[in-house]
Amino acid sequence: MYYPEKCDLCGDCLFYCPYVEMDRDEAVEQFRELLEGGTPSILEGCVTCVACNAVCPQGVNPFHLIVKRQEESGIPEIPQANLSLFENLPRVPAQIVEGSNEDVLSLCSVGDLVPGLFDGPLFKDLTVVKGGDYFCGVGWLHLGRLTPFVETAKNALRHLEALGRERIIFYHDDCYSLFSSLVRELGLTPKFKPVHVIEYVLQRLKSGDFETRRLDMSIAYQQPCASRYTPWKDPWLDELFDLLGVRRVSREHDRDRSLCCGSPLMPRDRERAMTIKTRNVQDAKGHGATAMVYLCPLCLLNLRKPAAEVGLENYHLLQLVDMALGR
Ligand code: SF4
Ligand code: SF4
């Protein structure tokens with residue numbers, strides 16, 4: 001998952017980290033320390049946003065090396081309650097609701113966080129799976145834990161393959177990132193085609209089976225950190241926004257400069273998380289957005305209050321789709 005032998009110690013990864021102030025020399029020195037098994041301050045400072053993987057010109061995956069060192073060193077200290085929550089997620093009873101459609105929709109462990117998203121006509125007749133067997137485990141990386149991530153990911157893959165379907169649609173961006181990208185780094189190839197929920201919705205809306213109205217809104221999009229593993233889906237999202245009549249405002253913290261929603265930091269440094277959230281929603285407001293739009297339900301739950309406080313409405317992307325369908 002990380003390739004230290006490719007590193008030429010350019011320092012780009014930490015120099016461009018959006019959450020720490022480091023000059024080039026310090027960035028190089030801290031990364032050298034990481035490679036040598038030390039505990040530089042980036043272990044505490046990292047908010048697990050994955051941006052450095054995208055920045056690294058050599059494909060080292062520096063974020064995964066940081067996570068490995070976080071796991072080995074126990075830095076930062078994660079409250080036991082948060083670790084226990086993740087440990088227990090695979091034990092949540094799994095549910096399979098059979099539909100007449102061959103496609104499966106996987107909701108991971110986050111399907112019930114924003115109610116009503118799948119009640120509309122686009123998802124009718126799909127077989128829906130959710131619960132512990134389908135928990136992808138990518139969230140473990142946000143807690144600085146590589147080993148349970150790998151175990152959980154393999155468990156979810158086994159259960160999804162056991163469904164015996166050709167296509168599986170993923171609602172949780174973490175799941176799609178895992179099964180379309182990260183899993184290859186574990187030397188595994190899924191026996192199904194992973195389909196992102198944006199890709200699926202776009203296909204359905206373009207089929208001509210549904211009438212939509214244009215929403216005429218200016219919104220700021222909150223990109224989930226996991227989207228950095230799957231940059232090829234950005235044009236799908238842009239096309240969907242076009243189709244819905246939604247203008248994605250151009251702002252400082254969008255696309256490759258997106259900010260984390262703050263949820264991974266909340267348990268260990270609430271004050272710093274709140275500072276990042278405020279920077280994010282003020283950027284959205286300052287660039288003309290009237291609403292924040294989320295793909296990840298956890299981003300929505302984490303940012304909706306500070307967004308509302310600066311006068312922004314909050315929508316999950318699928319709620320915009322429902323509005324365009326007149327629901
Ligand atoms: S994952 Fe994000 S916060 Fe952590 S070092 Fe990389 S760029 Fe910085
Ligand atoms: S991990 Fe990549 S970006 Fe970071 S120092 Fe090494 S080569 Fe440069």
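Asn61 sits in the loop between helix 4 and helix 5. In this predicted model, the phi angle of Asn61 is near 60 degrees. That value is positive, and the residue is not a glycine. A second backbone feature lies in another loop. Pro76 is found between helix 5 and helix 6, the latter covering residues 80–88. The peptide bond that leads from Ile75 into Pro76 is cis. Its omega is near 0 degrees.

The two helices that flank Asn61 also take part in a ligand site. Helix 4 spans residues 51–55, and helix 5 spans residues 62–73. Each of them supplies at least two residues of the shell around ligand 1. Cysteines in this shell are Cys17, Cys46, Cys49 and Cys52. Aromatic side chains come from Tyr19 and Phe63. The surroundings of ligand 1 also include Ile42, Val47, Val50, Ala51 and Ile66. Thr48 completes the list. By class, the shell holds 11 nonpolar residues and 1 polar residue. No charged residue belongs to it.

Ligand 2 has its own set of neighbours. Cys7, Asp8, Leu9, Cys10, Gly11, Asp12 and Cys13 are found around it. Further along the chain, Phe31, Cys56, Gln58, Val60 and Pro62 join the shell of ligand 2. Here the division is 8 nonpolar, 2 polar and 2 charged residues. The charged residues are Asp8 and Asp12. The shell of ligand 2 thus includes charged residues, whereas the shell of ligand 1 has none.

The chain is divided into three domains. Domain 1 runs over residues 4–73, domain 2 over 82–203 and domain 3 over 212–324. The centres of domain 1 and domain 2, taken over C-alpha atoms, are separated by 29 Å. Their contact takes 6 residues from domain 1 and 6 residues from domain 2. On the side of domain 1 that touches domain 2, 1 residue is nonpolar, 3 are polar and 2 are charged.

Two helix pairs were examined for packing. Helix 10 (residues 197–206) packs against helix 11 (residues 234–244) at an angle of about 40 degrees. The axes of helix 10 and helix 11 are 10 Å apart. The two helices are therefore oblique to each other. Helix 10 passes helix 11 in a left-handed crossing. Helix 10 contributes Ile198, Glu199, Val201, Leu202 and Leu205 to the contact. Helix 11 contributes Trp236, Leu237, Glu239, Leu240 and Leu243. The contact of helix 10 with helix 11 has 8 nonpolar residues, 2 charged residues and no polar ones.

The second pair is helix 12 (residues 270–286) and helix 13 (residues 297–309). The angle between helix 12 and helix 13 is about 60 degrees, and their axes lie 9 Å apart. That angle makes helix 12 oblique to helix 13. The crossing of helix 12 and helix 13 is right-handed. From helix 12, the contact uses Lys277, Thr278, Asn280 and Val281. From helix 13, Leu303, Pro306 and Ala307 take part. The classes in the contact of helix 12 with helix 13 are 4 nonpolar, 2 polar and 1 charged.

Technical notes: Residues are numbered from 1 along each chain as its sequence is written. Chains are lettered from A and ligands numbered from 1 in the order in which they are written. This is a predicted model: local features need pLDDT of at least 70, side-chain atom pairs count only at pLDDT 80 or more; totals for chains, interfaces and linings use all residues. A residue is near a molecule or strand if its C-beta atom, placed from the backbone, lies within 6 Å of it. Helices (H or I, at least four residues) and strands (E, at least two) are DSSP runs, numbered from the N terminus. Domain bounds come from an automatic or database domain assignment. Two residues are in contact if their C-beta atoms, placed from the backbone, lie within 7 Å. Axes are lines fitted to C-alpha atoms, for helices over the stretch in contact, and angles run from 0 to 180 degrees between N-to-C directions. Angles under 35 degrees count as roughly parallel, over 145 as roughly antiparallel, 65 to 115 as roughly perpendicular and the rest as oblique. A crossing is left-handed if the near helix is turned anticlockwise from the far one by less than a right angle, and right-handed if clockwise.
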